[in-house]
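Trainee: Got a minute to go through this one with me? I'd like to start with the strands, then move on to charges and empty space.

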Amino acid sequence: MDKNKQKYKYLYLLSEKYPNRQSVVTELIRLKAILNLARPTEHFMSDLHGEYESFFHILNNCSGVIKEKVDYLFSEEMSTSQKAEFCTLIYYPKEKILNLKKQKLITTQWYSQNLIYLLRLSRLMSYKYPQSELKNLLPKGYETIILELLTARPNDDTFQEVYFNTILNTLININSGTDFIIAFTKFIKKLAVAHLHIVGDIYDRGQRPDSIIDMLRQHHSVDIQWGNHDILWMGAMCGNEACITTVVRNCLSYNNTAVLEKGYAISLRSLSSLASKLYPNKTLLIAMQRTISIILFKLEGQLIKRNPDFQMDSRLLLDKIDYTSKHIKINNISYPIKSPSFPTINPQNPYELSLEEAEVLSDIKSAFLDSVRLRKHIDFLYQKGSVYKAYNNNLLYHGCIPLNDDGSFMRIHLNNKYYSGKNYLDFVDKTIRQAYLGLYEQKNIDLMYYFWCGRYSPFSGREFKTFERMFIEDTDTWIEPSDAYYKYCNDEKICDMILEEFSLKTKRGHIINGHVPVKVKEGESPVKANGKLIIIDGGFCKAYHKKTGIAGYTLISNSRGLRLLEHQSCANIKESLKANQDIESVSCTLELQNYHSSTADTDLGEEIQCQINDIYHLMLAYQNGLVPEQA
């Protein structure tokens, strides 16, 4: 290779994209301009727990942002009811148009008026985006016409007015009005939220987490920080038998087996047959819960015994039962067992599966691993997910960073090494990915269960007492010791220490996590440590509404700072269409800047600045003849 070409290898590679000074100048101007656009809007949500309908509505109304823009733009043109109807059209265009057609309320004028409204709203909301990116946000197949409508100026020139009206009238006359309204509403939703962060726990409790993942797979820009319930399902897809049985047990406990049977085609027939045989005097649901729980406790025991570094010996309880007196001894205290029937346990070897249990486990495990749809969903979680994410000076993770009682980072001993702080979370992330790829097989697969419920897992942060809650009346045995993190999360110095550990600026940095529902009705605040830490688990799941007093949070970050939306109640889709009902939300400004931040203040801005520096060096190379220009 030519010595000069070798010396300036990177610039020669860059010249393939920008072959001459004119292309460099054009790109420099474009990138410099983008740096000065308003900072894109980010939304943060966590702990969705399968509540598909609530999530569907919040994703469609962009956590109230669309309603705010409609109120702002059309305050003098539309009545309150007209604005509500227009918003519903944006949220559910197909369903709304179908309803109006049934009522014979759709006319040519209706199409024309609503397309113009959608066009005006699109123009208002597109100011944060460069033209080069707008086209990428448009639904495929509609880009050309929508861009023509966006850039037309019918008020400036007679020919422009005719041009604009011809486009509008033609698409209506050829019966494309509905398609273009749907395309515009998709475009508006993308403009409203540049990027979506899901801070853990898509799965469990609610009926259709699978439908939530289907929606997220269609989202234009999303990342996910895994929660403990996500890790559980990911572990199941890695073939971890304890994770598989826990997933089944949870679905039975929350009475949402539909996600298994309808969502992922995972049959529980063999389990129900064995349960009916073992516990004929119990209802089928309770019998199935009991059967799968005993299988779980046996598998958990086997896993703990072969992994002493997990430090989970306190969960080895089947060998602590006196099967004659029906009592269990824990910490030298004897407790009576509730419903003491254990037909499949051999007291001499309590952690051994019976032949029938092994057959049931084999059937269920095969169904999990053979589920094509579940495989696609778990693939998506791996592609878009991570243990944590440092993004625009915010640190996102679902659970906790394990701490000692004195507030220092805890040293965790796993795989013959010690880990702490960021180093520990990086190890966890790498291990989770290796488990899915089948690397270092059994140990990594076993760790997936530890990450679900281990005492020092960054996802759980507490010691589970599953057996005690099921078999012991004394509620003192149910208490689950928590990580010291939850004691220190309101300490500003500790939060600064964590931000510094991840190389983030403490002055404007925030920690954003979920996992622990905020009891708003008891006066608890989601904002901790003088604004340094924000817990955004507001109880999306209906099972938590009584506990939290609200229906979830959305944290919004934009050019003016941080704002937290507290969702009071969620209208269902039928009511939204029938009465144009929306989610009732209360907005609280957490951090108001006295200036508008721009793209230059973001991670993307740093990347663009690096590109500018590289391109600038290429321009100097062209000017000095170090790299030849191409035609």
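Trainee: Which strands form the open sheet, and in what order?

Mentor: Three of them, in the order S4-S5-S6, with antiparallel pairing. Strands pair here if DSSP finds at least two bridges between them. Helices (H or I, at least four residues) and strands (E, at least two) are DSSP runs, numbered from the N terminus. Bear in mind that this is a predicted model: local features need pLDDT of at least 70, side-chain atom pairs count only at pLDDT 80 or more, and totals for chains, interfaces and linings use all residues. Residues are numbered from 1 along each chain as its sequence is written, and side-chain values use heavy atoms, with hydrogens and water left out.

Trainee: Which are the edge strands?

Mentor: S4 (321–322) and S6 (333–336). Each pairs on one side only.

Trainee: How many bridges between S5 and S6?

Mentor: Four, in the antiparallel sense, with S5 covering residues 327–330. Ile-330 stands opposite Ile-333 in S6. His-327 has Pro-336 of S6 as its bridge partner.

Trainee: What about the hairpin of S5 and S6?

Mentor: Two residues lie between the strands. Asn-331 takes a positive phi there, near 50°.

Trainee: Switching to charges. How many salt bridges does a search of the whole structure find?

Mentor: It finds 24. The test is a side-chain nitrogen of Lys or Arg within 4 Å of a carboxyl oxygen of Asp or Glu. One of them joins Lys-443 and Asp-309, with the closest N and O atoms 3.0 Å apart. Lys-443 sits in helix H22 (residues 441–453) and Asp-309 in the loop between helix H18 (284–305) and S4, so the pair ties together parts 134 residues apart in sequence.

Trainee: Is Asp-309 buried or exposed?

Mentor: Buried, at 16% relative accessibility. Lys-443 is partly exposed at 24%. Buried means under 20% relative accessible area, exposed means over 50%, and partly exposed is in between (1.4 Å probe, protein chains only).

Trainee: What does Arg-469 meet in a salt bridge?

Mentor: Glu-480, at 3.5 Å, N to O. Arg-469 is in helix H23 (residues 466–471) and Glu-480 is in the loop between H23 and helix H24 (485–488), so this pair ties together parts eleven residues apart in sequence. Arg-469 is partly exposed at 41%. Glu-480 is buried at 19%.

Trainee: And Lys-532, what's its partner?

Mentor: Glu-492, at 3.6 Å, N to O. This pair links distant parts of the chain, 40 residues apart: Lys-532 in the loop between strands S13 (527–528) and S14 (533–535), Glu-492 in helix H25 (residues 492–501). Lys-532 is buried at 9%, while Glu-492 is partly exposed at 31%.

Trainee: Which residues do salt bridges with shared partners join into one network?

Mentor: Arg-208, Asp-210, Asp-214 and Arg-373.

Trainee: OK, the core. Which residues have the most contacts inside the largest one?

Mentor: Trp-233, Phe-368 and Ile-432, in a nonpolar core of 182 residues. Such a core is a set of buried Ala, Val, Leu, Ile, Met, Phe, Trp, Tyr and Cys residues joined through side-chain atoms within 4.5 Å. H18 gives the most to this core, with ten residues.

Trainee: What is Trp-233 in contact with?

Mentor: Leaving aside neighbours within four places in sequence, its contacts include Tyr-203, Val-247, Cys-251, Phe-368 and Ile-378. Contact means heavy atoms within 4.5 Å.

Trainee: Now empty space. Which residues are closest to the centre of the largest pocket?

Mentor: Of the 44 lining residues, Arg-205, Arg-462, Phe-464, Arg-469 and Glu-480. You met Arg-469 and Glu-480 as a salt bridge. The pocket holds about 970 Å³ of space.

Trainee: How do you define pocket and cavity?

Mentor: Both use a 1 Å grid over the protein atoms alone. A cavity is a set of points where a 1.4 Å probe fits but cannot get out; a pocket is an open set with protein on both sides within 12 Å along at least five of seven lines. Lining residues have an atom within 4 Å of a point. Points are joined across faces, edges and corners, and a volume is the space filled by probe spheres set on them.

Trainee: How many cavities of 30 Å³ or more?

Mentor: Two. The largest has a volume of about 50 Å³. Its lining includes Phe-297, Arg-315 and Tyr-351.
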